[in-house]
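Work through the exercises below with the sequence and the model in view. Each task is followed by a solution in steps.

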Amino acid sequence: MIKNLKTRITLLILGGTLFAIILVSVITNINLFGSFNAYMKNEQKNRINEILELIKNTYSLENAWTESNLKNIQFSPLIKEFDVVIRTLDGKIVFAHPMEYDMMDMHKQMMGWMKNHMMDGNTELSGYVSEKYDLVVKGKSIGSVEIGYVGPFTISEREIKFSRQINTSIIYAAVIAVMASVALGIYSSRIMSNPILKITDAANQIRKGNLDIQVKVPTGVTELKQLSESINHLARSLSEQEKLRKRLTQDISHELRTPLTILQSHIEAISDGIWEPTPEKLAICKNEVERLTKLVEQLKDLTDIENHIIAQKIERYNLSESIMQILEAFTLEFKEKDIKLVTNITQNVYIYGDKDKIGRAIINIISNALKYTNPGGSVYVSLNDAKNDIKIIIEDTGIGIDQKDLPYIFERFYRTDESRSRKTGGTGIGLSIAKSLIEAHGGRITVESQKGRGTRFTVVLPKNA
């Protein structure tokens, strides 16, 4: 079995070309030589009619068969390819012209060649044909004439040459077409296979872990361009995922190490008698244990949400009231941090969804805005009711997010150097949970930000979530 792509493409084009050549040749022979047969039969009738007219006209010159008018018939080029026998009314032969043996041999050879070389074999070929015609001059019967020929019609060398040229042209065209198809097949296979080989090599490099590979395919084929772009995008995505994976591992290690270090140092100090097990020291240990528990629970919740394990309690409820209750719960924190809360909540906006989970997503976003807005700043929260969906906007005047970090802020544990510094606290997965909860309701969440000017989160939820 031929497995090479170049060979397959070349053979496919060659096979298609040969099929087209055979099809065209057969159709050409059927149509052309069918018409040729009809033409030659009609031409044969005309020749015989011309011979009859010659005989009649020659007889009418003297109204008798004389030596002079019979010679006129004998030397006429019209009867050269025919046997001609003229008889009187009483059956007496007054003129006989046999077809020359060389002419008969030529006819037999030509007819045999046509039988062997006309591709469709549709030309009607037979043996010797003799036909008898009555001779009538000026309404008077003067006898009869027998005309014989190699049937069904006489073919001249000119017609045979014409038919030979047609078939020769077809053969030449077939040879040229085959050569062109081979060249085209090799060229086309090279255009197709070379980029595919490059892409295959790049895919193998990616499989080996070389994620910095980029495929450059100089081709005008749209599909191959799209394939190379997909491979390049895959390599970039895997490279980014690898970086995120490493960062995630580091962040989880850090998140776990900090409370564990505090617990270890406190327990060792108490065990060694350096510290007294006072309620304050035990409270610190308890807080760190709760911090670890919260981290583990949030990771489990996020995984369950993404895997659609947590069931949703879908009901119709007043989203406006739910958001107002959430904002009221944050009132004290806004006051303590000296941040102004501005609201624009459309009243009585109802939605179908899980009240607790949508509320949890909104709490995470508002908490994020509060956390990264400096004292003296402001947070704007609005709820707008559209025809088919509901839009929630949460915008702050905080420290903002660098443009290079925007695509990754919904990743687990992702933090930028400043806007998501660990000094602000938190586990770094609040936005990941918010995004998963919103998308679980068929909605979407987007973010816009300018470094040093603030961040704007937009949540869009369908009304029948």
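**Exercise 1.** In this predicted model, find which strand holds serine 382, and decide whether serine 382 counts as buried or exposed.

Solution. Step one: serine 382 is part of strand E8. Step two: the relative accessibility of serine 382 is 1%. Buried means under 20%. Step three: serine 382 therefore counts as buried.

**Exercise 2.** List what serine 382 is in contact with, leaving aside its neighbours within four places in sequence, and do likewise for isoleucine 392.

Solution. Step one: with those neighbours left out, serine 382 is in contact with Asn344, Ile345, Lys391, Ile392 and Ile393. Step two: under that rule, the contacts of isoleucine 392 are Leu319, Ile323, Ile362, Ser382, Leu383, Phe457, Thr458, Val459 and Leu461. Step three: Ser382 is in the list for isoleucine 392, and Ile392 is in the list for serine 382.

**Exercise 3.** Describe the largest nonpolar core and state which elements each supply at least two of its residues.

Solution. Step one: the largest nonpolar core has 39 residues, and Leu319, Ile323, Ile392 and Ile394 have the most contacts inside it. Step two: at least two residues each come from helices H7 (319-329), H9 (355-371) and H10 (430-440), and from strands E8 (378-385), E9 (389-396), E10 (444-450) and E11 (454-462). Step three: H9 gives the largest share, seven residues. Step four: another core, of 22 residues, lies apart from this one and includes Leu52, Trp65, Leu70 and Val137.

**Exercise 4.** Work out how H7 and H9 are placed relative to each other.

Solution. Two packed helices are described by the angle between their axes and the distance between the axes. Step one: for H7 and H9 the angle is about 45°, and the axes are 10 Å apart. Step two: H7 and H9 are therefore oblique to each other. Step three: the crossing of H7 past H9 is right-handed. Step four: on the H7 side, Leu319, Ser322, Ile323, Gln325, Ile326 and Leu327 meet Lys355, Ile358, Gly359, Ile362, Ile363 and Ile366 of H9.

**Exercise 5.** State where UniProt places the feature "transmembrane region", and describe residues 170-188 in the model.

Solution. Step one: an unreviewed UniProt entry places this feature at residues 12-39 and 170-188. Step two: residues 170-188 are 100% helix and 0% strand, with their end C-alpha atoms 25 Å apart.

**Exercise 6.** Summarise the chain by its helices and strands and by the share of residues that count as buried.

Solution. Step one: the chain has ten helices and eleven strands. Step two: 38% of its 465 residues count as buried.

Notes
Residues numbered from 1 in each chain as written. Predicted model: local features only at pLDDT ≥ 70, side-chain atom pairs only at ≥ 80, totals over all residues. Heavy atoms only, no water. UniProt positions renumbered as here; feature names shortened; annotations may be inferred. Helix = DSSP H or I, 4+ residues; strand = E, 2+ residues; numbered from the N terminus. Core = buried A, V, L, I, M, F, W, Y, C linked by side-chain atoms within 4.5 Å. Buried < 20%, exposed > 50% of the residue type's maximum accessible area, 1.4 Å probe, protein only. Contact = heavy atoms within 4.5 Å. Axes fitted to C-alpha atoms, helices over the stretch in contact; angles between N-to-C directions. Parallel < 35°, antiparallel > 145°, perpendicular 65-115°, else oblique. Left-handed = near helix turned anticlockwise from the far one by under 90°.
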